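Work through these exercises with the model open beside you. Try each task before reading its solution.

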There are 2 protein chains.
Amino acid sequence: MRIAQVAPLFERVPPVTYGGTERVVAYLTDALVELGHDVTLFASGDSLTRARLVPAVPRSLRLDTTCRDTIAPQIRELELVSRTAHRFDVIHFHTGFLHLPLARHLAAPSVTTMHGRLDFCEIGPMMGDFADAPFVSISDHQRRPFPDQHWCATVYHGLPPRLLPFRPTPDRYVAFVGRISPEKRLDRAIEIARRAGLELRIAAKIDAADKEYFERDIAPLMDQPHLRYLGEIGEEEKAALLGGALALLFPIDWPEPFGMVVIEALSCGTPVLAWPHGSVPELIEPGVNGWIVDSVDAAVEALAQVDTIDRAACRAVFEKRFTAERMARDYVTVYKRLRESRHGLEARTA
Amino acid sequence: MRIAQVAPLFERVPPVTYGGTERVVAYLTDALVELGHDVTLFASGDSLTRARLVPAVPRSLRLDTTCRDTIAPQIRELELVSRTAHRFDVIHFHTGFLHLPLARHLAAPSVTTMHGRLDFCEIGPMMGDFADAPFVSISDHQRRPFPDQHWCATVYHGLPPRLLPFRPTPDRYVAFVGRISPEKRLDRAIEIARRAGLELRIAAKIDAADKEYFERDIAPLMDQPHLRYLGEIGEEEKAALLGGALALLFPIDWPEPFGMVVIEALSCGTPVLAWPHGSVPELIEPGVNGWIVDSVDAAVEALAQVDTIDRAACRAVFEKRFTAERMARDYVTVYKRLRESRHGLEARTA
C-alpha cells in the first residue's frame, strides 16, 4: 500500500530524547517499510527513517530556538499532505486535532491516532463535530469519554524487538522511569521500595512546569539511602536499567492512555507493578507479567513474591502483543478496511 | 452580501480589556451590519455583536481557566465554518494561518486578514505554499517580507467615530499607551517627556513575559516626578487620557504592522509623535497629524512646536481614513472582487 504517515514537528522522528508520539511514528513507519509497503513520512527534516521523508521544516521545532511561530510549520505540513493526497491509498495522521477539518476534503481516506488523553472537557464539543472521522485509540480506556466516535480499532503501541533486550536474571533493585510530576507518583514508588527493603533507581526528567512540585514534595524525600537518582537517561541506559530491575514501579494516579515504559520493561522481561489507571489493566495480566494493586501495602506484598513471575513469560507477552511489527500489521488491517469502505470518500460526498 | 467573519477565540468580540484582533473584528462586524449586510460572526459565545453569533465555545479561552487544550476549540470553529460555507458569499478569516489548508476546499471564496507581523523566518516556507490564497494586509509595510503573495488590498483598521470623542483643548501632559515591553520603548518616552519638561501619563500593562524587563530596565526610571503611572485602563479612561494629551508618544523600535493607539489618539484630535517603523509612515503625515522622528533630540524639538498642529485637522484625518465605516466599505470592495473573480473556486479546481 501507498501509506502517508504525518508526524508532529516538535521532535524529530525518532526523538533525540523525549517525545512519545514521534517515537511511536518512527517505529511504526520503519515496521511498515519492513513489511514491504511504500511509506512516505511527513516530519521534520532531521528525522531518520527508512521511508521517503517529506520535511515540512528543516529541524524539529523544539531544537530550533529561532522558531517563534509553531503553527506556521504545522500548517505547511498539512498543505504538503493536502497537495499530494491523491498519491496515497491512506493517510495516517498523528497530529492531534489540527488536520481534522481538512481531512474530510482530502483525495484519500485518512485515519487519526489519538495520542493524548481525551478527558478534557473542552475537547467534547469538537469531537461531536467529527463523529464520522475515523479514529484509532491507543487503549480501550482512552476511548471512554467518547464511546460513540467512529473508532476503527485500538492499536497498542509496539517496539522494535531488539531495542530493549531480554535479560533473564535481574539485579536486586526496582526501577522508576518517567517524568517527576504529581500524577506519576514517584513519592509512592519511594515508599514502596523503602518498605520492601529494596533499592529504587530513578530515571526521571523534571519539566519546567513540575519544578515547584519537585522542590516541595519530592526533593525532601530524595536523600534516603535506598534511592539512586540517575537523571534523564538515553535508550541504552534504559535497557540496562530496566533489564536489571526486579520490577518496574508504575504507581500512576492518572488515566495514562498508554504506558510506554510498561512495554519497555516487558521487552526486558521485567514485570510491572502498577496502579489500575488508564491503560494498565489492558497491558498487565496479574501474576503473568506483573501486578495491579491499589495500595502501598498490596504493592509491598506483591514485591515479596516477585520470584513467582517468570521473566521469560513477560518477554513472551511483549513478543506476542507489543512489537512494532504487530503494531504495523494492526494498522495495515485498519488501512485496508478504510480503503474498502472508503470512509474518506463517503465523508467528502456527504 | 452574506458575509462570515471568523474571529479568534482567545478574547470575546469585543475583548473585555486587551485583544487587538478581536477588537477590530467587533468594529468591522458591526459596521458591516450597519451598512445593511447579512453578517454571521464565528466567535466565543460571550461575544457582543449586532451580527448573528455562532459560538464555537461558550466563553473566550483566556477567561476560561478550565481550558487546557486551546487547539480543539479553534478546530471546532473551523469545522462549523466549513459545514456552513455554502450559505455565504464570502468568508473572512482573522484566525492566523490555522484555516489556510482548509480554505481552498470551502464552498465559498474566502479572504484572510493578516493581523500579526510577518517577518519571522519560519513563516516563509508556509507563505510560499499559499501563494494563491487571498490576503489582506493591515499596512503596506506589513507585506514587505512577502511582496509576491496574492494581496487583495491593504485595509487600515478603523474605529467607531464616537468611541474616542474629539477634544479641542488638551491639558499639559503627553501620553504613553501600550504594553511595557522592550520594543515599545517606554524608556525613550520617559526621556523625551523629561527633556521637554512635560508630565508623562503612562497607561500600560505588563505581560508576564515582560516582567523581568520591567524590573530591570523600567522600574528604576519610574520614580521620577514627571511621571504618572495609571496601570491598565479601560475604554472610557483611555478617551480621557488620550483626549487630554498634548501628544501621544509612540517611540517604537519594531515593525508594528498597525499602530491601533495612533488612530485612537487621532480620534481625540491628539497628534502623534512616532518613530518611523512599521505602519507609522502610512498613518502619520508630518506636520498635519503628528511628527516622525528618529532621535530624542528631534522628538523634544517637535514637542516644543506642538501648538502648530491643528487638533481639528487630526480628527479630520481620522474621519477620512480611520473610521470603522471606511474599513467596512474597503472590505466590501475586497469581498465583491473576490466573488466576481471567484478566487475561491479557481483555487479549489486548480
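**Exercise 1. Which residue of β12(B) does B:F250 stand opposite?**

Solution. B:F250 faces B:A274 in β12(B). Before going on, note that this is a predicted model, where local features need pLDDT of at least 70, side-chain atom pairs count only at pLDDT 80 or more, and totals for chains, interfaces and linings use all residues. Residues are numbered from 1 along each chain as its sequence is written, chains are lettered from A and ligands numbered from 1 in the order in which they are written, and side-chain values use heavy atoms, with hydrogens and water left out.

Next, count the bridges. β11(B) and β12(B) pair in parallel over three bridges. Two strands pair if DSSP finds at least two bridges between them. Strands (E, at least two residues) and helices (H or I, at least four) are DSSP runs, numbered from the N terminus.

**Exercise 2. Trace the sheet that holds this pair.**

Solution. Start with the order. Six strands of chain B form an open sheet, β10-β9-β8-β11-β12-β13, with parallel pairing. The edges are β10 (227–231) and β13 (290–292) of chain B, and each pairs on one side only. From one strand to the next, the twist averages 20 degrees.

Now take β8(B), residues 173–179. Seven bridges join β8(B) to β9(B), residues 199–205. Here B:Y173 stands opposite B:E199. Two bridges join β8(B) to β11(B). There B:V174 stands opposite B:A247.

**Exercise 3. Which way do the residues of β11(B) point?**

Solution. B:A247 and B:L249 point one way, B:L248 and B:F250 the other. All four are buried. Buried means under 20% relative accessible area, exposed over 50%, and partly exposed in between (1.4 Å probe, protein chains only).

Then add the helices. α8(B), residues 260–268, lies across β8, β11 and β12 of chain B, at about 170 degrees to β11(B). α10(B), residues 296–304, touches β8, β11, β12 and β13 of chain B. Its direction makes about 165 degrees with that of β12(B). Contact means heavy atoms within 4.5 Å.

**Exercise 4. Describe how α7(B) packs on α8(B).**

Solution. Two packed helices are described by the angle between their axes and the distance between the axes. Axes are lines fitted to C-alpha atoms, for helices over the stretch in contact, and angles run from 0 to 180 degrees between N-to-C directions.

Read off the values. α7(B), residues 235–243, meets α8(B) at about 70 degrees, with the axes 9 Å apart. The two helices are therefore roughly perpendicular, a term for angles of 65 to 115 degrees; under 35 is roughly parallel, over 145 roughly antiparallel, and the rest oblique.

Name the residues. α7(B) brings B:K238, B:A239, B:L242 and B:G243, while α8(B) brings B:V261, B:E264, B:A265 and B:C268.

**Exercise 5. What turn lays chain A on chain B?**

Solution. The turn is 180 degrees, with a shift of 0.1 Å along the axis and an RMSD of 0.1 Å. Copies are superposed by least squares on the C-alpha atoms of residues with pLDDT of at least 70 in both. The copies are thus related as by a two-fold rotation axis. In chain A, the C-alpha nearest the axis belongs to A:L102, 2.5 Å from it.
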